[in-house]
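Visitor: Please take a close look at one part of this model for me: the sheet and the helices that lie on it.

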Amino acid sequence: MGEVDPVFIQDLEHRPKLTIIEAEGIPLIDLSVLNSADPVSDGSLVSDIGDACKKWGFFQVINHGVPLEKRERLEKAAREFFHQPMEEKAKIRRAEVRISGYSNAEHTKNVRDWKEVFDFTRQNPIIVPASTSPDEEQVVEWHNHWPQYPPQLREVCEEYGEEMEKLSFKLLELIALSLGLAADSFHGFFKDQTSNVRLNHYPPCPAPELALGLGRHKDGGALTVLAQDDVGGLEVKRKSDGEWIRVKPTPEAFIINVGDVMQVWSNERYQSVEHRVIANSEKERFSIPFFFNPAHYTIVKPLEELTSEEDPPRYRPYKWGRFFVTRKGGNFKKLDVENIQISHFRISESELANRFQKAVSVA
């Protein structure tokens with residue numbers, strides 16, 4: 001990537017600090033109890049998950065049941081793919097009509113990220129709206145596209161995606177229980193899921209004080225399951241004071257974070273948290289996030305079981321498919337406006353207060 005082009009440079013207020021605050025307190029949760037005969041009966045695990053979602057929006061899991069060998073095979077194949085010449089990677093370059101494949105020109109918050117990626121979907125194909133129009137009723141299929149080299153990439157990607165889906169459903173059940181819901185309360189939203197896996201490569205950056213590997217953002221889906229290497233660089237914005245906190249890599253662990261969809265479903269009992277990736281001047285970094293997303297036809301809104309007259313819905317319903325394709329489109333180019341966010345569907349505090357007063361007066 002060479003010298004830092006101005007398109008990579010963050011505004012002054014968003015540039016990383018030279019001092020690093022390492023995370024203390026981000027929960028490390030042992031999932032080994034899930035291998036027992038009746039895992040959901042372990043109330044302490046459910047409580048730990050709930051506390052982590054409420055206080056941090058992030059946590060790490062160990063003894064999660066994902067075979068290390070499958071993760072290592074994918075990490076090896078990812079390195080082989082990204083270390084190819086650009087002309088080889090460009091053969092499967094992503095486009096607005098071909099959403100899977102390779103890209104080195106993604107934008108976050110309208111600033112280009114210092115990274116390159118390879119995307120593929122868990123289900124192939126996935127079905128999404130044909131356009132971002134609010135009235136769009138036509139749908140299209142998005143298919144995966146695979147490179148010729150390394151030859152094993154497709155196989156190891158698909159194996160890994162299967163493992164991520166299994167783990168995500170386990171986590172989803174624990175989160176549902178922590179909210180006082182039935183374990184399978186969220187399952188129906190994922191029948192025709194739009195989940196995807198991303199291979200990230202962050203090359204050494206000559207000016208890490210100016211650019212970010214990945215700009216500040218919140219994940220739009222339900223859950224994210226992240227594997228990162230031992231280089232590190234992930235930073236989380238701590239809810240208590242707004243400080244950026246570095247997440248120290250834990251061997252063989254996965255980092256889990258609550259996404260925007262879960263924030264809406266839970267009516268803000270659990271909240272999505274802003275995070276970013278710091279660039280490194282000396283070492284390259286690799287990571288593999290799995291984005292667990294519902295079906296395109298899902299209407300995202302607070303669950304009725306988690307709302308009441310005293311705590312009315314805080315969001316207007318929105319269509320996940322339209323949100324998804326709009327957000328994806330904003331990754332390809334700098335926009336004149338902010339890309340779509342759940343805050344655009346947030347009901348104002350004054351309106352919530354008015355609704356509460358009306359409910360009280362009727363009662």
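Guide: Happily! Helix H4 (residues 153-178) lies across E2, strand E6 (116-121), strand E9 (196-202), E11, E14 and E16, where contact means heavy atoms within 4.5 Å. To E11, helix H4 runs at about 130° (axes are lines fitted to C-alpha atoms, for helices over the stretch in contact; angles run from 0 to 180 degrees between N-to-C directions). This is a predicted model, with local features requiring pLDDT of at least 70, side-chain atom pairs pLDDT 80 or more, and totals for chains, interfaces and linings using all residues. Residues are numbered from 1 along each chain as its sequence is written, and side-chain values use heavy atoms, leaving out hydrogens and water.

Helix H1 (residues 43-55) lies across E1, strand E2 (58-62) and strand E14 (254-258), and its direction is at about 160° to E1. Helices (H or I, at least four residues) and strands (E, at least two) are DSSP runs, numbered from the N terminus.

Beneath these names is an open sheet of 8 strands, ordered E1-E2-E14-E11-E16-E9-E6-E3, with mixed pairing (two strands pair if DSSP finds at least two bridges between them). Strand E1 (28-30) and strand E3 (101-103) are the edge strands, each pairing on one side only. On average, neighbouring strands of this sheet are turned by 25° against each other, direction ignored.

For a closer view, follow strand E11 (residues 223-228) and strand E16 (residues 285-292), which pair in the antiparallel sense over 6 bridges. Ala227 has Ile288 in E16 as its bridge partner.
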